[in-house]
Amino acid sequence: MKKLRILVMALIIVCTLLIMPKANAAGLTIAFSKSSANVGENVTVTVNGNGIAGKISLSVSGNATVSPSSVWVDNSSVTATVTIKGTGNVKVTATPVDASDSTTANPFTTATAGTIVVATPSSNNSNQNGNSGSNSGSGSTSNSGSSTQTQAKSSVATLSNLGINGQYDFTGFRSSKTSYSVTVPNEVESVEIYAKKGQSGQKITGTGVKQLKEGANAVNVVVTAEDGKTTKTYTINIERKATEETPETTAENPDETEKQEIVGLTELKIGGLELTPEFKTDVYKYSVELKEDKDKIDLTTVATVENAEIEITGNENLKDGENIITIIVKAKDTDETTTYQINVNKVLPNTNTVEATVNNVENNNTKMIVLGACLAIILLIIIIVIIIIRKRRNINDGEEYYYSELYNDDEKKEEKEEIEQDNQVNMQDETEYEEEYEEEQKKKRHAKGKRFK
């Protein structure tokens, strides 16, 4: 029984150790919204600081860029966007710059990295792009193929944003409008075209840096829907002005040219948020992280010239993840325009809470399963012990009954006679002892009488 008690106690201790919570080691992890991507696509990078607080630097190796280049983690996850610029796999590295372990406050310096596989353009993609010209007239083509997989994929081929990086852009982008025009000065030899998908799974071609000749330049941006067949073509007509002679007014008043202000913004602020990098009139790309559930952000803009028109697009119905806000400043007296872009990364705080809740539920379920198994084992052992004890008692009771039956009357009689004999011997011994004692007392009294005479 003592050994069984020790065994039960040992099992209870082991089960308790199994279900006790264990501390997780601090560390950085990196994950991607997709493991492979095509040239021109964006991939969302999620950096999770498990027990880490501080600044993390993000870098890429390969034909890609990352924005923002640094993030702040506080035992939570943050995201950044990697834009694939060319073929070849892209490695993304997260390196602690000024970070520490939240539990021990010790500096944390261990970096982590991940790789995005960049798909090589195939002949099938080229054939699909070659058919884009015939589909561009109608804007989109519906598919009626018999393949179940093809029917399940989206046939939407529209953009959510399109424009030219820098000071020169067009106004009034609409996803349903496929033709735009813009005029640039002669000194502008190239422009960079950007476009944003309307739905995930789309493919975009025609973006990037485009060289301009004097006169008319047509740039076609082709969007291929997820089904791989439906396409839509957006055309940007760029007019590069011819070389102009220096106006006579410039020669007569050379200071007037210097006094002319650049069309743009002198002030750009977002209520409660910080722009990265710091705002400057001649910096046209920014990023900001929104940790609130807002459909739009509060923008404050001031133009460099009077009576300038400021058009803001993309600052409505902000969704989780990446959002692009475009600010176009246009002078009324001239056709000169300047475009600013703000990449808004919306990360809701409750995302981590939900993930933590799910993890806690899973951990609790695991603990309950382990605890239930341990209790079942203990209960089984107790039942076995009870059965063993009962069997032993039944065996002992049977032996006593068996011996009592064998213990017959003759044996009882012999035992009784032996007891009587013992009693008689004891009585005889007591009688002899009393007689000896009385005789000794008489001798003592007789001896005393002689002494007095």
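This passage describes salt bridges in a predicted model.

Seven salt bridges are present in the structure. Three of the residues involved, K34, E41 and K197, are joined in a network. Within this network, E41 pairs with K34, and the closest N and O atoms of that pair lie 3.6 Å apart. E41 also pairs with K197, where the closest N and O atoms are separated by 2.9 Å. The E41–K197 pair ties together parts that are 156 residues apart in sequence, because E41 lies in the loop between β2 (36-37) and β3 (42-50), whereas K197 belongs to strand β12 (residues 190-197).

The accessibility of two network members was also computed. E41 has a relative accessibility of 6% and therefore counts as buried, since the cut-off for a buried residue is under 20%. K34 has a relative accessible area of 25% and is partly exposed. The salt bridge between K34 and E41 thus involves a partly exposed lysine and a buried glutamate.

A further salt bridge is formed between E292 and K294, with the closest N and O atoms 3.9 Å apart. This value falls within the 4 Å cut-off that is applied to salt bridges. E292 has a relative accessibility of 41% and counts as partly exposed. K294, with a relative accessible area of 28%, is likewise partly exposed.

How values were computed:
Residues are numbered from 1 along each chain as its sequence is written. This is a predicted model: local features need pLDDT of at least 70, side-chain atom pairs count only at pLDDT 80 or more; totals for chains, interfaces and linings use all residues. Side-chain values use heavy atoms; hydrogens and water are left out. A salt bridge is a side-chain nitrogen of Lys or Arg within 4 Å of a carboxyl oxygen of Asp or Glu. Buried means under 20% relative accessible area, exposed over 50%, partly exposed in between (1.4 Å probe, protein chains only). Helices (H or I, at least four residues) and strands (E, at least two) are DSSP runs, numbered from the N terminus.
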